[in-house]
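Subject: The structure for you to look at

Hi,

Here is the structure I promised to hand over, with some notes on what turned up in it. Please open it beside this email and follow along.

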Amino acid sequence: MSKTLVIAEKPSVAADLARALGGKAAKAEFFEVDDYIITSAVGHLVELCLPNKMTGGKGLSWKLESLPIIPEEFELQPIARSADRLAVVKRLLKKPEVTSVINACDAGREGELIFHNIIQLTGCKKPVKRLWLQSMTKEAIKEGFAHLRADAEMQPLAAAAVCRSESDWLVGINSTRALTAVNSGQGGFQLTPVGRVQTPTLAILVEREEKIRAFVPKTYFEVHGVFSVAAGNYPGRWFDESFKKSEGEADSADKKAERLWDHAAAEAIRTKCEGKPCVIEETKKSTSQASPLLYDLTTLQREANGRFGFSAKRTLQLAQRLYEHHKVLTYPRTDSRYLPEDSMPAVKAAFKSFEDNELRKHAEHALTQNWVIKTGKVFNNAKVSDHHAIIPTGASIAGLDEVEAKLFQMVAQRFVAVFYPPARFDVTTRITRVEEEPFKSEGKVLTDPGWQAVYGKHAVAEGEEDAKTLVPVAGSEGASGALEPALTDSVQVHETQTRPPARYNEATLLSAMEGAGKLVEDEELREAMSLRGLGTPATRAAIIEGLLGDGYVLREGRDLTATSKGMALVNLLKHMGVAVLTSPELTGDWEHKLKQMEAGEFQRPEFMEEIRVFTRDIITKAQGFTDDAEGAFPDLEVVCPKCGKGPFKENVRQFKCRNCDLSLWKSLAGRPLERPEITELLTKKTVGPLDGFRSRFGKPFSAELEFDPEFKLKFVFGEREGDPAAEAAIRNSEAIAPCPVCKKGTIREGVTSYVCDQSIGAEKSCEFRTGKTILQRSIPREEIVKLAETGRTNLIAGFVSKKGRKFAAYLKLDGKKVSFEFEPREPKAPKAGGAEGEGSTVKRGRFGKPLKPNLTTDAVAESVEKKAKKAAKPKKAPAKKKVPGKKLAAE
């Protein structure tokens, strides 16, 4: 009897397929159900390798002379850790009774590649069909088996998948080896990973970091007034009515209608307006805000990062588990935010399935009001390619844990809200004129929550206080005559400074990747730009994790910061003449061509030839690169402290004296040194203290740099005790407050600390000393005054813990030391009906641990997957000499 072999991507998916087709018992390596044998890979089983005919069976040298490596045909090899699983699949493919094969790997480019490589390596020639699933429910699986796709229909997707893999290999292997060879020219082996998508993503972060470091704050002034009418008072801010934005100017982003750059001008307005009567002008208009579109993966990752701090990788893991294991969401690795036009029955079924009381109430209301109808905003076949938007399936959510429930709730709320009408607001703009000077006040009141009701918003009732409402003015509600006059209660000048651009977090970086380096807020424009984005929804999380793993990027709380290593790589690529490797636009264009290939609109040979030409150009420029090329940088005109001559020649990595052997690295302890800092160091033999250094454990620290007698650089921490000049500078500095410890001395400001002047010198009699920066938070002088006077500061936000989490605390005097004091936290109330609450059904063992439930088919599949991975792990071999280059490149 003939059989059909079904190959899934993971054992847990194989178990779901078997159960949907009526199978119950699981064998160790496969399921057998009627005419089907169902087995699985464990992710990728096969990978591209260096062609043997190019290496003669030996390792290839990491020298530039060995490049480029451009095979005529790519060879495949089993992945060592998954060799046992590949042997199982290969044995099943060769069974005589197996006459056809079904590709049941994940429905997308990567799933297609996994299956394609297995078939290529095993040499299987049997007929192939494609199972294409949007959901893992039993009904969806049966529907998928009833409508299998022909293999010929999938060839464009397979071609795009293979092109993506081979292009990453060509660009990644050659660029990584070339940059490693260049960087290792100074000695040692400096592995320098470079990737087709990873490096342009790094360039986005580096560009932002350079802007932050080059940023110089500018002081500006705002004039704020408080005005009173019969109903109360309201605030207003002065603005320049003749202001026009000029996009061409370098500082145009800083210029705004309400900003004044001259303190005297701001003070003149304050003096002119103080205590004077006012004339009020007011306009009102109604506005509306439509609900956001349904989620694709990138939007879900972005919003989950903003709301819960989830990394892109974590969100993908949760969404995949909600899809595969719990069956409560549809396929998550999608770039569409629309549904097929024939999916209304499934939508209405999902609307009737919600178990959460609040969500069920909103869903029932939408159905009752007949809002769940077919509209182009939700249903659009032209904007659904392989997969539709992420929506609930209607399956029970009883088994979700707290974190999984958060992500499901996001998707479910968006799914219901998208059918609701727009939210409506009344917007009031009030201009208060004082001596012809205009002050603007704005109020916004929600009059009809519309879709925002799903998120708990409600209309502001009459008389209800709201942060965005303005007190009413007599005559503004249609009464005859002019508006009532107002009186100026107070006018103040606020001094502040411009801020540098914010560092990217995963949410904003995902947006930039989606827009090929451009932060795009408009949903429709972002959708158009995403056709040329960096990577795909399925790969962006891995790209970010790759940058973190390679040490090019550091995660600090929610912020992503390009490290000195990452900045050095981008800088080196630019000076080598291959800045194109950092171009988001070029990589985005390639991604667009891959999508065209999936649709049959672009040919594989044409794409690969473009990649080969690009790779050869990179290697040619790397081979011609000289680190010490004259004219690349201007000389640093400074006298050398060692030989007394100079100047200093600058190259990509160092400053070198032209007359002696003194040289300085441009980056030290993870911190780039700027030319002015190098100049001061060479002139004064010391510089600092400087912030931003990092220990080998990644911890930030501040220190001074100075030359020792042999002209070697060293770090100097804290105050220079025993240095008469340093001690004299502290004693002569401005007094801050009487010392609360010794009661005799005075607290003064040193280079890195606030110290009692009785704690320095040979006859010191006090021990009071506290850092000017504590856990990455600078401590203002006024807080030290508060500490000295009351024994405790105000609550200070912005400290960063060892785990990178920001927190707020008081600083308090604890004897002779300064310690933290935290705000008391309210104890969390136990959840009703939860694992510890009333009505809990969790069974516990003798030590209070929850007992494991009976194994289900899912559990059997997960057990098989764990055993397969364990068996695939290579046994520890005797220690060998280290071979450079484990990780070569990632997308």
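Which residues does Leu202 touch, not counting those up to four places away in sequence? They are Leu547, Tyr552, Val553, Gly566, Leu569 and Val570. Before you go further, please keep in mind that this is a predicted model.

**The nonpolar cores**

Leu202 is a good place to start, as it belongs to the largest nonpolar core, which has 62 residues. Leu202, Leu205, Leu509, Ile544, Val553, Met576 and Phe607 are the members that touch the most others. Several elements give two or more residues to this core, including α7 (198-214), α14 (506-514), α16 (540-549) and α19 (604-623). Helix α6 provides the largest share, with 10 residues. Another core of 43 residues lies apart from this one, and Ala319, Leu339, Met344 and Trp451 are among its members.

**Salt bridges**

Next, have a look at the charged side chains. As a reminder, side chains of opposite charge can pair when their charged atoms come close. The structure has 49 salt bridges, and here are three you can find for yourself.

Start with Lys10 and Glu324, whose side chains form a salt bridge at 3.0 Å, N to O. Lys10 sits in the loop between β1 (3-8) and α1 (11-20), while Glu324 belongs to helix α10 (residues 312-324), so this pair ties together parts that are 314 residues apart in sequence. Are these two partners buried or exposed? Residues under 20% relative accessible area count as buried. Lys10 has a value of 16%, so Lys10 is buried. Glu324 is buried too, at 9%.

The second pair is Glu591 and Arg109, with 2.9 Å from N to O. Glu591 lies in helix α18 (residues 584-598) and Arg109 in helix α4 (residues 109-122), so parts that are 482 residues apart in sequence are tied together by this pair. Glu591 is buried, with a relative accessible area of 1%, and Arg109 is buried with 12%.

In the third pair, the side chains of Arg433 and Glu241 meet at 2.7 Å, N to O. This pair links distant parts of the chain, 192 residues apart: Arg433 is in strand β12 (residues 423-434), and Glu241 is in the loop between β10 (232-238) and α8 (263-273). Arg433 is buried at 19% relative accessible area, whereas Glu241 is partly exposed at 45%.

There is also a network to trace: salt bridges that share partners join Glu9, Lys10, Asp106 and Glu324.

**A cavity**

Asp106 turns up again in the lining of the second largest cavity. The structure has four cavities of 30 Å³ or more, and the second largest holds about 70 Å³ of space. Besides Asp106, its lining includes Val13, Cys105, Leu131, Met136, Tyr323 and Tyr331. What kinds of residues make up this lining? Nine are nonpolar, none are polar and one is charged.

**The start of the chain**

Last, look at Ser2, in the segment before β1. Ser2 is partly exposed, with a relative accessible area of 44%. Its C-alpha atom is 4.8 Å from that of Glu97, although the two residues are 95 residues apart along the chain. Leaving aside neighbours within four places in sequence, Ser2 contacts Glu97 and Thr99.

Enjoy exploring, and write back with any questions.

Best wishes

Note on methods. Residues numbered from 1 in each chain as written. Predicted model: local features only at pLDDT ≥ 70, side-chain atom pairs only at ≥ 80, totals over all residues. Heavy atoms only, no water. 1 Å grid on protein atoms, 1.4 Å probe; cavity = no way out; pocket = protein on both sides within 12 Å on 5 of 7 lines; lining within 4 Å. Points joined across faces, edges and corners; volume = space filled by probe spheres on them. Nonpolar A, V, L, I, M, F, W, Y, C, P; charged D, E, K, R; others polar. Salt bridge = Lys/Arg side-chain N within 4 Å of Asp/Glu carboxyl O. Helix = DSSP H or I, 4+ residues; strand = E, 2+ residues; numbered from the N terminus. Buried < 20%, exposed > 50% of the residue type's maximum accessible area, 1.4 Å probe, protein only. Core = buried A, V, L, I, M, F, W, Y, C linked by side-chain atoms within 4.5 Å. Contact = heavy atoms within 4.5 Å.
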